[in-house]
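Subject: Structure handover

Hi,

Here is the structure I promised to pass on. Please load it first; my notes follow below.

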Amino acid sequence: QLIMGGHEHNNMLVNVGNTTIAKADANAKSVYVHTLSFNKRKDSLHVHSELVNVNDKTASQPYVEMIVDKWSKILENEIKQIIPNPNEVIYKAEIPLDGTDSASRSQQTNLGGIIAQSMAAAFNDVDGALVNGGSIRLDDKLEGDVSSLDIFRVLPFGGSIFKVELKGSLLKEILDFGNLKAGTGAYLQRDNISQDENGSWRITGNLLNETKTYKIAFSDYLLKGFDIPFLTPENPGVLNVYIPTENEPAADIRKAIILYLKSIQK
């Protein structure tokens, strides 16, 4: 029996009893070619599986290329409703920006930092920014020329950025929870928020004060309570939630990142 996996991100070929589970790499970096040979006389099936890397020398089939072109045009038209030139180069990543799943969900990354910095830059008066690592869906690294389209690859689900006033005690609870969830999508990528060698949280370099009120830029997804169950607008520790208007950069996190990268590239 042959099972072809569809969710894991790295190639694998695992035998479990009489079953073989095969999965190529994500982002079409490779494909598995399975050759099935059935022996009628012995009534037996033999499966030969070969992992083949996909690169610029890999020929495309006309029918598949036609389907890809169709959806590429649909994608470009949709993105143009937010950004007029999806293919514009907005940043040069001399150091690769790490958007791999394993890193985004377990440690602070340079790409996660840029996303959080962009969120904070969308407002002028926040103390920091937080975004769940699971929202970064690239599972790859950005290197060299980075286009607006690449940012949509990083965050395909989009969403707004909320400015949230909350008690320091709740902020600490959120940060502690994010750390405990390292390895999952609930791990938090941060800006202007750090943890010192003693494990204490610092905001803009100062120790977090649980009695103080902070203004933090959050991805709107986090306020839905899916990754952090107690983080909803109804939590008593949430004092105010500012939702951006449609014309503000914060209305779409991808647009906020693109504008930020263009501003620091100059």
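What should the 12 residues of helix H3 (residues 110-121) span at 1.5 Å a residue, and how far apart are its end C-alpha atoms? The expected span is 16 Å, and the end C-alpha atoms are 16 Å apart, so the two values agree. Keep in mind that this is a predicted model.

Overall picture

The protein chain has six helices and 15 strands. Its C-alpha atoms fill a box of roughly 80 × 45 × 35 Å along the principal axes. Of the 266 residues in the protein chain, 41% are buried.

Helices

Back to H3. Is H3 mostly covered or mostly open? H3 is mostly covered, with nine of its 12 residues buried. Among them are Leu111, Ile114, Ile115 and Met119. Small residues are on that list too, including Gly112, Gly113, Ala116, Ser118 and Ala120.

Helix H1 covers residues 62-80 and contains Val68. Val68 has 44% relative accessibility. Why does Val68 count as partly exposed? The cut-offs are under 20% for buried and over 50% for exposed. At 44%, Val68 therefore counts as partly exposed. Val68 also belongs to a nonpolar surface patch of about 700 Å². The other members of this patch are Tyr63, Val64, Met66, Ile67, Trp71 and Ile74.

The five-stranded sheet

One sheet is open and has five strands, in the order S10-S7-S14-S9-S15. Its pairing is mixed. Which strands stand at the edges? They are S10 (188-191) and S15 (238-242). Each has a single partner strand, so one side of each is left without a neighbour in the sheet. From one strand to the next, the twist averages 25 degrees.

Now the two edge pairings. Strands of a sheet pair through backbone hydrogen bonds, either parallel or antiparallel.

- S10 edge: strand S7 (residues 128-132) and S10 run antiparallel, joined by four bridges. Val131 stands opposite Gln189 in S10.
- S15 edge: strand S9 (residues 161-167) and S15 run antiparallel, also with four bridges. Val164 has Val241 of S15 as its bridge partner.

Which way do the residues of S10 point? Leu188 and Arg190 point one way, while Gln189 and Asp191 point the other way. All four are buried. So on S10, an edge strand with one side left without a neighbour in the sheet, these residues are still buried.

Best regards

Terms used:
Residues numbered from 1 in each chain as written. Predicted model: local features only at pLDDT ≥ 70, side-chain atom pairs only at ≥ 80, totals over all residues. Heavy atoms only, no water. Patch = residues over 30% accessible without salt bridge, like charges linked within 9 Å, V, L, I, M, F, W, Y side chains within 5 Å. Areas by Shrake-Rupley, 256 points an atom, 1.4 Å probe, with all protein chains shown as cover. Salt bridge = Lys/Arg side-chain N within 4 Å of Asp/Glu carboxyl O. Helix = DSSP H or I, 4+ residues; strand = E, 2+ residues; numbered from the N terminus. Buried < 20%, exposed > 50% of the residue type's maximum accessible area, 1.4 Å probe, protein only. Expected span 1.5 Å × (residues − 1). Pairing = 2+ DSSP bridges. Axes fitted to C-alpha atoms, helices over the stretch in contact; angles between N-to-C directions.
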